[in-house]
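Please read the following report on charged side-chain contacts alongside the sequence and the coordinates.

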Amino acid sequence: MELRAPEERHLQAAEAATKAAAESQTRRMVDNIPDLLRENPDHPHWDVVADRCLSCANCTLACPTCFCSDVEDVNDLTGDHTERWRTWDSCFTADFSYVHGGSVRRSTKSRYRQWLTHKLSTWHDQFGSSGCVGCGRCIAWCPVGIDITAEAAAFAAGPQQSGG
């Protein structure tokens with residue numbers, strides 16, 4: 001099948017559909033969230049969200065940009081054949097940051113802080129854009145209703161804010 005250049009009507013239709021989709025979004029990420037997160041590693045809101053978070057990893061497994069993985073060596077029963085498997089993982093699991101002697105991030109608070117700060121702050125340093133594409137899957141799949149945009153807004157509101 002030969003590809004053809006789009007006609008002007010196709011480009012206009014695509015632009016109109018994109019604009020309509022953007023205008024239908026009701027949630028917005030607060031401005032300067034990368035700096036807010038970078039500057040507030042001890043913000044009291046980390047405790048608030050950690051009390052609600054189940055560390056179930058639904059948000060990371062539903063996210064189209066999350067890519068944490070683990071490497072596992074698997075061998076057959078005879079020991080004649082070994083393979084190295086890379087498997088999908090989540091930074092929310094306690095074992096994800098395990099090194100000799102224990103997990104580096106033992107608390108839900110530390111794991112949530114790592115995920116949100118990476119997704120919304122250090123991702124900019126790493127890739128030049130946000131790790132959040134605005135799809136809302138993390139919100140939809142969270143069994144306790146944690147909304148990434150509300151959590152970001154709580155950091156912007158200041159340390160006395162408890163957030164949603």
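What follows describes salt bridges in this model and the surroundings of the residues that form them.

The model is predicted, and the structure holds eight salt bridges. Three of the pairs, among them one that joins two helices, are set out below with the distance between the closest N and O atoms.

| Pair | N to O distance |
|---|---|
| Arg-9 and Glu-7 | 2.9 Å |
| Glu-23 and Lys-19 | 4.0 Å |
| Glu-151 and Arg-52 | 2.5 Å |

In the pair formed by Arg-9 and Glu-7, Arg-9 is exposed with a relative accessible area of 54%, whereas Glu-7 is partly exposed at 40%.

Glu-23 and Lys-19 both belong to helix α1, which spans residues 8-24, and because they are four residues apart there, about one helical turn separates them. Glu-23 is exposed, with a relative accessible area of 56%, and Lys-19 likewise counts as exposed, at 54% relative accessibility.

The salt bridge between Glu-151 and Arg-52 has its closest N and O atoms 2.5 Å apart. Glu-151 lies in helix α7 (residues 148-157) and Arg-52 in helix α3 (residues 45-52), so this pair ties together parts that are 99 residues apart in sequence. Glu-151 counts as buried, at 0% relative accessibility, while Arg-52 counts as partly exposed, at 22%; Arg-52 does not fall in the buried class because that class requires a relative accessible area under 20%.

Beyond these pairs, Asp-35, Arg-38 and Asp-125 are linked in a network of salt bridges.

Key: Residues are numbered from 1 along each chain as its sequence is written. This is a predicted model: local features need pLDDT of at least 70, side-chain atom pairs count only at pLDDT 80 or more; totals for chains, interfaces and linings use all residues. Side-chain values use heavy atoms; hydrogens and water are left out. A salt bridge is a side-chain nitrogen of Lys or Arg within 4 Å of a carboxyl oxygen of Asp or Glu. Buried means under 20% relative accessible area, exposed over 50%, partly exposed in between (1.4 Å probe, protein chains only).
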